[in-house]
Amino acid sequence: MAEENAQNGAQQATGPQFSVQRIYLKDVSLEAPGTPAVFTSAWKPEINLDLNTRTRTLGENHYEVILTLTVTAKNDGNNAFLIEIQQAGIFQIAGLAEAELNHTLGAFCPNILFPYARESVDSLATKASFPALMLAPVNFDALYAQQLQQKAAQAAEGETQAH
């Protein structure tokens, strides 16, 4: 029985592994070109959010994932503020097939980083004397699936043009 448990333990140890090593703010920028005039008009902002992720291999089973959020707020057509955050994390990931690894890096890790980036955006907006800005949750799984579909469509288009 003990031998069987030792074998099961060895199998579990070599299975998929995931851990967050570190989460950090890599870069931050706040521009408020409309101040102080923006504070004298009614606040009816148009908020635009752009998301981007990139991944870098740091070494065996270690990856840096960088989630970039660019938030632009316009009020009456004028730029009120622009906040750009690069929220990053170092993740240790092992024992995954390539497709699973790509999904983890492209959807799961950004999902972990987003609440930190969202809090930083909100904090910067309020420190610049703007109303609190709580960004809505983002479905990174859906964004990743959409990205895969676009790549597949581009590959199919490239094959069609080659023939």
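This report walks through a predicted model, looking at its main pocket, its nonpolar core and a handful of individual residues.

**The pocket**

Let's start with the open space. The largest pocket comes out at a volume of about 480 Å³. Its lining counts 16 residues, and the ones nearest the centre are Thr 53, Gly 106, Leu 143, Tyr 144 and Gln 147. Three elements each put at least two residues into that lining: strand β2 (45-59), helix α2 (98-127) and helix α3 (140-162). Helix α3 has the largest share, with 8 residues. As for chemistry, the lining of this pocket splits into 7 nonpolar, 8 polar and 1 charged residues.

**The core**

Now for the greasy part. The largest nonpolar core has 30 residues, and Phe 81 and Val 121 have the most contacts inside it. Strands β3 (62-75) and β4 (78-94) each give two or more residues to this core, and so do helices α2 and α3. The largest share is from α2, which brings 10 residues. Helices α2 and α3 thus turn up twice, in the pocket lining and again among the contributors to the core.

Phe 81 is worth a look of its own. Setting aside neighbours within four places in sequence, Phe 81 is in contact with a run from Leu 30 through Glu 31 and Ala 32 to Pro 33, and also with Trp 43. The list goes on with Val 71, Thr 72 and Ala 73, then Ala 125, Phe 130 and Leu 133.

Leu 124 sits in helix α2. Is Leu 124 buried or exposed? Its relative accessible area is 19%, so Leu 124 is buried, as the cut-off for that label is under 20%. Beyond residues up to four places away in sequence, Leu 124 touches Val 28, Leu 30, Ile 83 and Ile 85. Leu 30 is thus a contact of Leu 124 and also of Phe 81. There is a long sequence separation here too: Leu 124 and Ser 29 are 95 residues apart along the chain, with their C-alpha atoms 9.0 Å apart in space.

**Residues on the strands**

Two threonines in strand β3 make a nice pair to read together: Thr 70 and Thr 72. Thr 70 counts as buried because its relative accessibility is 15%, and Thr 72 counts as buried at 18%.

Which side chain does the side chain of Thr 70 make a polar contact with? The partner is Glu 84, at 3.0 Å. Glu 84 is also on the list of residues in contact with Thr 70, together with Asn 48, Leu 49, Asp 50, Leu 82 and Ile 83, once neighbours within four places in sequence are left aside. Counted with that same exclusion of residues up to four places away, Thr 72 touches Glu 46, Ile 47, Asn 48, Asn 79, Phe 81 and Leu 82. Asn 48 and Leu 82 are thus on the contact list of Thr 70 and on that of Thr 72.

Over in strand β1 (residues 17-31) there is Tyr 24. Its relative accessibility is 22%, so Tyr 24 counts as partly exposed. Tyr 24 and Ala 88 are 64 residues apart along the chain, yet their C-alpha atoms are separated by 5.4 Å. Ala 88 is also one of the contacts of Tyr 24, the others being Glu 64, Gln 86, Gln 87, Gly 89 and Ile 90, again leaving out neighbours within four places in sequence.

**Backbone oddities in the loops**

Where does Pro 36 lie? This proline is in the loop between β1 and β2, and the peptide bond that leads into Pro 36 from Thr 35 is cis, with omega near 0°.

Two more loop residues, neither of them glycine, have positive phi: Asp 76 and Ser 129. Here they are next to each other.

| Residue | Loop | Phi | Relative accessibility |
|---|---|---|---|
| Asp 76 | between β3 and β4 | near 55° | 55% |
| Ser 129 | between α2 and α3 | near 75° | 52% |

Asp 76 counts as exposed at its 55%, and Ser 129, at 52%, is exposed as well, since exposed means over 50%.

Terms used
Residues are numbered from 1 along each chain as its sequence is written. This is a predicted model: local features need pLDDT of at least 70, side-chain atom pairs count only at pLDDT 80 or more; totals for chains, interfaces and linings use all residues. Side-chain values use heavy atoms; hydrogens and water are left out. On a 1 Å grid over the protein atoms alone, a cavity is a set of points where a 1.4 Å probe fits but cannot get out, and a pocket is an open set with protein on both sides within 12 Å along at least five of seven lines; lining residues have an atom within 4 Å of a point. Grid points are joined across faces, edges and corners, and a volume is the space filled by probe spheres set on the points. Helices (H or I, at least four residues) and strands (E, at least two) are DSSP runs, numbered from the N terminus. Ala, Val, Leu, Ile, Met, Phe, Trp, Tyr, Cys and Pro count as nonpolar, Asp, Glu, Lys and Arg as charged, and the others, Gly among them, as polar. A nonpolar core is a set of buried Ala, Val, Leu, Ile, Met, Phe, Trp, Tyr and Cys residues joined through side-chain atoms within 4.5 Å. Buried means under 20% relative accessible area, exposed over 50%, partly exposed in between (1.4 Å probe, protein chains only). Contact means heavy atoms within 4.5 Å. A polar contact is a pair of N or O atoms within 3.5 Å; within protein, one must be able to donate a hydrogen and the other to accept it, and residues adjacent in sequence count only if both atoms are side-chain atoms.
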